[in-house]
Amino acid sequence: MSEDRFILLDAGTSRPTPVSLPPGTTVKAGVDDTEGRFTLVEYRGHDGLPDDTSDTFVYVLDGELGVDFDGETHRLTEGMCAFLPSGVTHTMRSLSDTPVHALHLSSPGSRERHVEDAEAGPTEDGESRFYLLGKGDVRPGRLRVPPAFASKVRSTDTDDRLSLLEMVVAQQIPRHVHHRADESIYVLDGELVVEFVDRTYRATPGQFVLLPHGVPHALRPGSGRARRLGVFHRGPDRGQAAHHHRRGARRAQPEPHRRQVRHHVRRAALTPSTVAGAEDQP
């Protein structure tokens, strides 16, 4: 059952892993948790977690992180983030005596995408897809969304595997369902109240929540406002859905990531003009 995939992970704790982890490293979500879409790792240390086999998104929670990429060192501080494409070598390291505290999200690319990029050459795969966002910056979209919904990774950045937003929850988002996509949450500030089925949970900074698709849930701030990172990632692919449809089962309609953002904006009772802007965000 989808309901059994729910996760509430305390700050500082890790999901089970088949191998031992480096000191200061915890896995918030593994590939089994996300149906192969991504792995989310929280890290405290002086050296980053190198990975040139997957697209990697790094978000700095505290400290100064240096990202060596394409012959240049980029300096990231609290609230800054970078997208590092697969296939291009990079290194990450602390730029001070203080350990860096960061989130690393790694998302595997499709085999077809890597074949196409290999034929096009390394520049097409690497430099053109790299980007860095300052604190408060957002990925450009066709229309603007309110500051409470800051797009950090668009679905088009990851071959439609996932999108990631930094979101401020200032009021209740009533009970709703994502029919095809899971929603993962990492709480940055404040307290987030999560209603899942018939239970209520309170998530505080450092806690991770996975809300599986197909199960009703609601969100609201515990006191004041809650700030969190939200990853929206689809479940079974369209080929599987078509297979079930051919066997006579009703096929669920795909739920684009922009529809999820629109849904959250509407549930937050924002203005119609704001909602229109959210509809066109990847």
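This tour proceeds through the structure by selections, from sheets to empty spaces and then to aromatic rings.

**Before starting**

The structure is a predicted model, in which local features need pLDDT of at least 70 and side-chain atom pairs count only at pLDDT 80 or more, while totals for chains, interfaces and linings use all residues. Residues are numbered from 1 along each chain as its sequence is written, and side-chain values use heavy atoms, with hydrogens and water left out.

**Stop 1: the three-stranded sheet**

Select residues 65-69, which form strand S5, together with strand S6 (72-76) and strand S8 (90-94). Strands here are DSSP runs of E with at least two residues, helices are runs of H or I with at least four, and both are numbered from the N terminus. These three strands make an open, antiparallel sheet in the order S6-S5-S8; two strands pair if DSSP finds at least two bridges between them. S6 and S8 are the edge strands, as each pairs on one side only. From one strand to the next the twist averages 25°, taken between axes that are lines fitted to C-alpha atoms (for helices, over the stretch in contact), with angles from 0 to 180 degrees between N-to-C directions.

Next, show S5 and S8 alone: five bridges pair them in the antiparallel sense. Label Val67, whose bridge partner in S8 is Met92.

**Stop 2: the six-stranded sheet**

A further open sheet has six strands in the order S1-S17-S14-S19-S12-S11, with antiparallel pairing. Strand S1 (7-9) and strand S11 (149-153) stand at the edges with a single partner strand each, so one side of each is left without a neighbour in the sheet. The twist in this sheet averages 20° from one strand to the next.

Within the sheet, select residues 181-189 (strand S14) and 208-211 (strand S17), which run antiparallel and are joined by four bridges. Glu183 has Leu211 in S17 as its bridge partner.

**Stop 3: an enclosed strand and the largest pocket**

Select residues 25-29, strand S2. Why is strand S2 largely enclosed by the rest of the structure? Five of its five residues are buried, so the rest of the structure largely encloses this strand. Buried means under 20% relative accessible area, exposed over 50%, and partly exposed in between, with a 1.4 Å probe and protein chains only.

Add strand S3 (residues 39-45), which runs antiparallel to S2 and is joined to it by four bridges. Val27 stands opposite Val41 in S3.

Now display the largest pocket, which holds about 420 Å³ of space. Its lining has 22 residues, and those closest to its centre are Thr17, Leu21, Val27, Thr39 and Val41. S2, S3 and S9 are the elements that give two or more residues to this lining.

On a 1 Å grid over the protein atoms alone, a pocket is an open set of points with protein on both sides within 12 Å along at least five of seven lines, a cavity is a set where a 1.4 Å probe fits but cannot get out, and lining residues have an atom within 4 Å of a point.

**Stop 4: the largest cavity**

The largest cavity has a volume of about 60 Å³; a volume is the space filled by probe spheres set on the grid points, which are joined across faces, edges and corners. To find this cavity, select Leu40, Phe57, Tyr59, Leu103, Leu105, Leu164, Tyr186, Leu229 and Val231, which line it. Strand S4 (55-62), strand S9 (100-107) and strand S19 (226-234) each supply at least two residues of this lining.

**Stop 5: aromatic pairs**

Four aromatic pairs are found in the whole structure. Rings of Phe, Tyr and Trp (its six-membered ring) pair if their centres lie within 6.5 Å; planes under 30 degrees apart count as stacked, over 60 as edge-to-face and the rest as tilted.

Select Phe69 and Phe130: their ring centres are 4.4 Å apart and their planes at 15°, so the pair is stacked. Phe69 lies in strand S5 and Phe130 in the loop between helix H2 (122-125) and strand S10 (131-133), 61 residues apart. Both Phe69 and Phe130 are buried.

Then select Phe83 and Tyr131, a stacked pair at 5.3 Å centre to centre with 5° between the planes. Phe83 lies in strand S7 (residues 81-84) and Tyr131 in strand S10, so the pair ties together parts that are 48 residues apart in sequence. Phe83 is buried, with a relative accessible area of 3%, and Tyr131 is buried, with 8%.

Finally, select Phe6, Phe196 and Tyr201, which ring pairs link into a cluster.
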